[in-house]
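Dear colleague,

I am passing the structure below on to you, together with an account of what was found in it. Please read the text alongside the sequence and the coordinates.

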Amino acid sequence: MNYLKWLIYFFSEAFQSIKNNLWTTSITVVTIAISLAVCGLFVGIFVNINKTLNNMGGQIQVVAYLKDGLSNDVVASTRQEIARMPEVDSLEYISKEKAFSLFKNDLKGHNGILEGLNAAPFPASLEIRVKKELLRNPEGIHGFISKLKIFNGIEDVQYGQEWVDRLFAFIRFVEVFALMMGSFLIMATIFIVSNTIRLAIYARREEVEIMSLLGATNVFIRAPFLIKGIIEGFLGASLATGMLYLASLILIIKTPPLFASLVLMPYSIGYISLWLVAIGVIFGMIGSSISLRKFLKN
Amino acid sequence: MINMFHIYKNYEGAITALTDITLKIDKGDFVFITGASGAGKSTLLKLMFCMDRPTQGQIIIGGKNVSRFAERDIPLLRRKMGFVFQDFKLLNNKTVFDNIALALRITGMDNKDINKRVLKVLAYLGLQHRANFKPLTLSGGEQQRVAIARALAKEPTILLADEPTGNLDPERAMDIIRLFNDINARGTTVVVATHDKALIERFSKKAIHLDKGRIVN
């Protein structure tokens with residue numbers, strides 16, 4: 001019962017303080033909102049770029065060309081063995097005849113080129129889609145290729161090595177860049193938020209001092225500030241969610257269709273607001289307790 | 001009630017505020033701490049209230065060595081003591097009533113009991129009609145009485161006052177000391193730091209005279 005009474009007191013003090021310091025509270029809330037929105041925008045774009053790159057990785061197709069003159073049994077067993085490999089997602093057998101007809105299809109309207117070709121000139125092949133896990137690093141795909149090459153029935157393997165290596169290098173660069181930028185942004189956000197709250201507390205340092213002189217415990221002094229910090233974090237995060245939503249709406253209209261996937265909200269607005277509110281509340285809490293600790297020590 | 005043994009207090013830059021202070025204040029005493037500005041009166045009171053720690057020596061209050069107190073024990077000591085500050089230290093955004101109530105609220109007292117106690121102490125100091133005023137709308141003398149009311153509300157066993165008459169005219173100053181005298185008559189140990197010699201002469205009380213941080217009487 002005593003705890004409930006104190007909780008009510010702490011909350012009423014926090015709301016009273018927001019009412020009495022509307023200006024500093026607004027500045028804190030807006031600062032938290034802008035910091036979180038910048039962070040959120042960055043994370044959103046990063047997630048989208050990563051998704052796009054991974055999708056490109058998912059399109060990597062490995063083509064294993066079969067030797068000419070293999071018996072149907074050998075072809076069938078090679079197919080089966082490859083299909084059973086853990087790296088393989090799906091596999092399609094392209095016979096010599098099918099390869100030729102696909103080629104003819106591609107050259108529709110230029111039939112003259114094909115004149116004189118009466119037998120199928122292309123080797124039979126297996127078009128393999130590899131599992132996505134394999135695409136996380138270039139070593140995975142290289143290892144898979146060398147395993148394929150060991151098969152007796154396979155003449156050659158193609159997978160656009162140069163393109164794959166470049167894609168992986170780019171994904172790695174984006175990840176490192178995002179990690180660095182993300183760390184800087186988070187540090188800057190914590191710094192800005194805790195300093196804004198510190199300024200707000202500094203304005204009330206006399207109150208903190210007087211309460212301490214009257215015999216208030218640190219918890220008693222800290223609780224209303226902490227609750228106020230949490231409320232500010234919550235309001236800031238809500239504002240940030242609105243700002244991000246608005247920004248994404250504007251960006252979708254203004255961005256050319258080719259890049260539209262980069263500015264789409266990667267998750268539902270509810271999910272994003274949940275995260276932002278959690279981060280905002282934690283930032284508000286950390287910010288106010290860092291600032292208070294300094295004052296209470298004095 | 002208050003015992004100090006060979007207290008030294010030095011500040012940074014080798015400034016010596018107190019040198020070898022040994023004193024004893026008994027329960028129910030009324031003691032003046034006197035001396036010129038800078039003699040160490042405020043420092044002495046601050047050490048008693050754990051607002052600062054001695055560089056050397058022991059302070060025993062109510063049988064406890066407060067010079068060795070952990071940070072978390074200080075609030076409990078302060079709740080048993082009242083301190084009237086020279087600059088009042090009132091919260092200007094709260095009413096007189098709330099200023100006094102705050103000192104009780106931090107002890108976890110029930111709202112009903114807080115109301116009773118605050119009204120009682122306001123009546124004692126003749127401040128009932130000022131209960132809903134903010135401190136800055138009151139005169140200096142009234143603010144001083146609010147500060148005393150806040151210190152008294154806790155029903156402390158020891159009341160410390162730092163230059164409580166410093167900002168008042170002689171008539172008001174006399175009223176305040178009479179009030180302390182009355183509080184002392186009810187059993188509270190009172191320690192008043194003042195440089196006002198006329199007051200000390202008028203009330204024949206025990207006096208500890210400080211000069212450059214040393215006791216001289």
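The crossing of α3(B) and α5(B) is right-handed, in what is, throughout, a predicted model. These two helices, of which α3(B) covers residues 96-105 and α5(B) covers residues 140-153, pack at an angle of about 30°, with their axes 8 Å apart. Since angles under 35 degrees count as roughly parallel, α3(B) and α5(B) are therefore described as roughly parallel to each other. On the α3(B) side the contact is made by B:Val96, B:Asn99, B:Ile100, B:Ala103 and B:Leu104, and on the α5(B) side by B:Val146, B:Ala149, B:Arg150 and B:Ala153. Sorted by class, the residues of this contact comprise seven nonpolar, one polar and one charged.

A second helix of chain B, α4(B), which spans residues 111-124, also meets α3(B), and here the two axes come within 10 Å and cross at roughly 130°. α3(B) and α4(B) are therefore oblique to each other, and their crossing, too, is right-handed. From α3(B) the residues involved are B:Phe97, B:Ile100, B:Ala101, B:Leu104 and B:Arg105, which meet B:Ile114, B:Arg117, B:Val118 and B:Val121 of α4(B). This contact of α3(B) with α4(B) has seven nonpolar and two charged residues, with no polar ones. B:Ile100 and B:Leu104 of α3(B) are named both in the contact with α5(B) and in the contact with α4(B).

How much of α3(B) is covered, then? Nine of the ten residues of this helix are buried, namely B:Val96, B:Phe97, B:Asn99, B:Ile100, B:Ala101, B:Leu102, B:Ala103, B:Leu104 and B:Arg105. What these buried residues pack against is not confined to chain B, for along with α4 and α5 of chain B they pack against α1 of chain A, which covers residues 2-20.

That brings us to the interface between the two chains, where twelve residues of chain B are in contact with twelve residues of chain A. On the side of chain B that touches chain A, the elements that give two or more residues are α2(B), residues 74-80, and, once again, α3(B). By class, this side of chain B is made up of six nonpolar, two polar and four charged residues.

For chain B as a whole, the secondary structure comes to seven helices and ten strands. Of the 217 residues in this chain, 40% are buried. Where contacts in chain B join residues at least 6 apart in sequence, 69% of them are between residues at least 24 apart.

Turning to chain A, there is an open sheet of four strands in the order β2-β3-β1-β4, and the pairing in this sheet is antiparallel. Its edge strands are β2(A), residues 88-94, and β4(A), residues 154-158, each of which pairs on one side only, while the twist from one strand to the next averages 20°. Strand β1(A), residues 61-66, runs antiparallel to β4(A) and is joined to that strand by four bridges; along this pair of strands, A:Leu66 stands opposite A:Ile154 of β4(A). Helix α3(A), which is formed by residues 72-84, lies across β1, β2 and β3 of chain A, and runs at about 160° to β2(A).

With kind regards

Notes
Residues numbered from 1 in each chain as written. Chains lettered and ligands numbered in written order. Predicted model: local features only at pLDDT ≥ 70, side-chain atom pairs only at ≥ 80, totals over all residues. Pairing = 2+ DSSP bridges. Axes fitted to C-alpha atoms, helices over the stretch in contact; angles between N-to-C directions. Contact = placed C-beta atoms within 7 Å. Nonpolar A, V, L, I, M, F, W, Y, C, P; charged D, E, K, R; others polar. Parallel < 35°, antiparallel > 145°, perpendicular 65-115°, else oblique. Left-handed = near helix turned anticlockwise from the far one by under 90°. Buried ≥ 20, exposed ≤ 12 C-beta atoms within 10 Å, placed from the backbone.
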